[in-house]
Amino acid sequence: MKCEHCTRKECSKKTRTEGPENAAAGAPSPAQDGGEKGEFHKLADARIFLSDCLACDSCVTAEEGAQVSQQNARDFFRVLNLNKKCDASKHKVLVVSVCPQSLPYFAAKFSLSVTDASRRLCGFLKSLGVHYVFDMTVAADFSLLESQREFVRRYQQHSEEEPTLPMLTSACPGWVRYAERVLGRPVTPHLCTAKSPQQIMGSLVKDYFARRQNLSPDKIFHVIVAPCYDKKLEALREDVPTALHGSRGADCVLTSGEITQIMEQSDLSVQDAAVDTLFGDLEEEGVRRHDSARSDGYLAHIFRHAAKELFNEDVGEVTCRALRNKDFREVTLEKSGEVLLHFAAAYGFRNLQNVVLKLKKGRLPFHFVEVLACAGGCLSGRGQAQAEDGRADRALLRQMEGIYAAIPVRPPETNAHVQELYQEWLGGADSPRVQEALHTAYQGPGQAASSRDIKW
């Protein structure tokens, strides 16, 4: 097994896609579906290898490896085909949730605005038989708000005897997997307990949305469209099955590149369609992002929130200074010569290792670090920003960065739907339900964890 992000010489990146001669058996064809016009004649079966993920023998069990290999278009089409058969008892409601960092990829690939790309993607998925297509920004809002609250609590509780800082972000599944399976203590206690956007979206779809639709969670097949392969491993990690009556929050994860491959090989006639909302028959919302050029913006949003809550300081634009390289940056809040807050962002495995090394030695100077396993951030995920030779497609990356930067920013605090969901779904922002639905716990090597064990 190889490891995508690490710098060891024995590691290499090999993404393998079978050609048309080995097309996916799960993809519909005229022979299988009675020759209906517009069905696929072929679909390359994008098989996922552990070399695509931040994974090695220390990170992934044999059972998990087998499960990851099944996270591909074949599983998606299996459910689509089941829904066309007469036995309604086996039918599923197909829901697709799209990561915000995937939309610039689709916009670049199809030379569309990000809004038109979103509508094109939605129309295509619905032409296949998908029932609902959601934007995952609302889940990222929840994750950011809970991370903000947790940082303030940690800052106030921190002491030399019981250190709760620095807080390290937990939205990147590659980084979390590495921290849990390889690093263990003393790193895992510093991971933010707020669930990632993918995990929260799973709870929203399988719990909140299922209730609104009077559906059992196991009657929903939830697909995540994401920029990186590590999200497939995250779907296996989730500790939500008991909360969702045995149903995983995400049943299948497909990368942006896998979806594009399906679209390019399709001969379906597609009409653009408005993206659905979790809140009923509301008008389509415009595409929004958080305050970051390449991620969900944990550093900027938490920095501003902490400055206001802890020191009553209003911070406008958050400007970071590069340290070792452009993927290792810092920002400070200072007053009368005193450093009040010291935040950093560390992207890529080399920078991640530097953070871990200093943390273990007790020499990490930051209160907070936004950690992402992919150099360049989420937009650079290997599931969408890779050329045919396996290297990063730099021209495509620059184009995606420009598209993403042009999307209007919406702070999570201003999302009225999130505030309504806190009340309607969770019974208030301080309800015990918040802990169960929006927070998790981390295991060390050989340990199990449950979100109910957290004490914050």
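**Burial and overall make-up.** I looked up burial across the chain of this predicted model and found that buried residues make up 57% of its 456 residues. I then listed the secondary structure, which comprises 14 helices and nine strands. For the contacts with a separation of 6 or more, I noted that residues 24 or more positions apart account for 75%.

**Helix α7.** I next checked how α7 (197–212) sits in the fold. Of the 16 residues of α7, 14 are buried, so this helix is largely enclosed by the rest of the structure. I asked myself where the kink in α7 is centred. I placed the centre on leucine 204, and the kink is about 30°. Following the chain onward, I recorded that asparagine 214, just after α7, takes a positive phi of about 55°.

**Packing of α5 and α13.** I took up one helix pair in detail. Two packed helices are described by the angle between their axes and the distance between the axes. For helix α5 (residues 137–157) and helix α13 (residues 416–424), I noted an angle of about 75° and axes 10 Å apart. That makes α5 roughly perpendicular to α13, because an angle of 65 to 115 degrees counts as such.

I then listed which residues meet in this contact. From α5 they are Val138, Asp141, Phe142, Leu145 and Glu146, and on the side of α13 they are Val418, Gln419, Leu421 and Tyr422. By class I entered six nonpolar residues, one polar and two charged for the contact of α5 with α13. On the spacing of such residues, I kept in mind that an α-helix has 3.6 residues a turn, so residues three or four places apart point the same way.

**Asparagine 415.** I moved to the loop between α12 (394–405) and α13, where asparagine 415 lies. Is asparagine 415 buried or exposed? I entered it as buried, because its relative accessibility is 4% and the cut-off for burial is under 20%. Leaving aside neighbours within four places in sequence, I found asparagine 415 in contact with Val138, Asp141 and Arg410. Val138 and Asp141 are also among the α5 residues that meet α13. I noted that the C-alpha atoms of asparagine 415 and valine 138 are separated by 8.0 Å, although these residues stand 277 residues apart along the chain.

**Cysteines.** How many disulfides does the structure hold? I counted zero disulfides. Cysteine 374 is in no disulfide, and I recorded that the nearest cysteine sulfur, that of cysteine 228, is 5.4 Å away. A disulfide needs sulfur atoms within 2.5 Å. I entered cysteine 374 as buried, with a relative accessible area of 10%. Cysteine 192 is buried as well, and its relative accessible area is 1%.

**Cis peptide bonds.** I looked up the bond between leucine 165 and proline 166 and found it cis, with omega about 0°. Proline 166 belongs to the loop between α5 and β3 (167–168). I also entered as cis the peptide bond from arginine 185 to proline 186, where omega is near 10°. I located proline 186 in the loop between α6 (173–183) and α7.

**Positive phi at two serines.** I turned to serine 111, whose phi is near 50°, a positive value in a residue other than glycine. I found serine 111 in the loop between α3 (103–109) and α4 (114–128). At 64% relative accessibility, I counted serine 111 as exposed.

Serine 336 also has a positive phi, of about 55°, although it is not a glycine. I traced serine 336 to the loop between β7 (328–335) and β8 (338–347). Its relative accessible area is 80%, and I entered serine 336 as exposed.

**Threonine 319.** My last entry concerns the loop between α10 (298–311) and β6 (321–325), where I located threonine 319. Threonine 319 is exposed, with a relative accessible area of 53%. Which residues does threonine 319 contact, leaving aside its neighbours within four places in sequence? I noted Glu330 and Val331. I also looked up the C-alpha separation of threonine 319 and arginine 329, which is 9.5 Å for two residues 10 residues apart along the chain.

Key
Residues numbered from 1 in each chain as written. Predicted model: local features only at pLDDT ≥ 70, side-chain atom pairs only at ≥ 80, totals over all residues. Heavy atoms only, no water. Axes fitted to C-alpha atoms, helices over the stretch in contact; angles between N-to-C directions. Helix = DSSP H or I, 4+ residues; strand = E, 2+ residues; numbered from the N terminus. Parallel < 35°, antiparallel > 145°, perpendicular 65-115°, else oblique. Contact = heavy atoms within 4.5 Å. Nonpolar A, V, L, I, M, F, W, Y, C, P; charged D, E, K, R; others polar. Buried < 20%, exposed > 50% of the residue type's maximum accessible area, 1.4 Å probe, protein only. Bend = angle between axes of the 7 residues up to and from the residue.
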